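Hi,

Here is the structure I promised to pass on. Have a look at it first, and my notes follow underneath.

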Amino acid sequence: MRLAKRITSITLLLVMGAILISSVSQAVSKNRKAGQAYASAVENETIRYNKNMGYRIADMDGDGVKDLLISNPAGKAYVYSYKKGAVKTILEYLPEYDLCYNAKKKLFVENGEGDGAWHIFYKYKNGKLVEKFRLFTEYANGSDLVYKYRKAGEEAEEMTKDEFMKMVEKYCVENLQSSRIKLINTLRKL
């Protein structure tokens, strides 16, 4: 009886391992196809990119396939996804300054400057960006810089400069930049 249980347990583990390996290889295959499709789209300029723009490569919509964010600080940001064998635009957004993506936190980050700095953090949901929270500075009394945090739909709270900087370090990212050729080569290696 014990031997039969051990054999059953080992068989079950082997089947689960085979399923996991199959799932991982399917994801790798989809990402490789996505990378090739993105590279071709950049190469033939269906996706516009130049060295003044930034990019991020990560699964931004939660489907297990890497997406491509192209952000133009002087214009719109686009997120492209590989769906049903083709590159599709899943997000078109006009940020005030620049839109980035933090893959670890699964957050889009809009960074900007004006009468202080600001960072707005979004989740991607149903084809739209939904604000979660923001960090910003503003001047009080004409010259004192005040650091603030505001969760979406709530009142802003003051914070110390150290608290502000820790959150900026934790959540803020910048897009990667490279030549068009280097981006194409990076995409081909997905």
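Let's start with helix α3 (residues 180–188; helices are DSSP runs of H or I of at least four residues, strands runs of E of at least two, numbered from the N terminus), whose buried residues are L183, I184 and L187. Those three sit on the same side of α3, because they cover an arc of only 100 degrees around the axis (the arc is that of the directions from the helix axis to the C-beta atoms). I181 and K182, on the other side of α3, are exposed. Buried means under 20% relative accessible area, exposed over 50%, and partly exposed in between, with a 1.4 Å probe and protein chains only.

Before I go on: this is a predicted model, where local features need pLDDT of at least 70 and side-chain atom pairs count only at pLDDT 80 or more, while totals for chains, interfaces and linings use all residues. Residues are numbered from 1 along each chain as its sequence is written, and side-chain values use heavy atoms, leaving out hydrogens and water.

Now the salt bridges (a side-chain nitrogen of Lys or Arg within 4 Å of a carboxyl oxygen of Asp or Glu): the whole structure has 8. One of them pairs D63 with K83, with the closest N and O atoms 2.7 Å apart. D63 is in the loop between β1 and β2, and K83 is in strand β3, 20 residues apart. K148 and E138 also form one, again with 2.7 Å between the closest N and O atoms. K148 is in strand β9 and E138 in strand β8, so this pair ties together parts 10 residues apart in sequence. K148 counts as buried at 17% relative accessibility, whereas E138 is partly exposed at 31%.

Cheers
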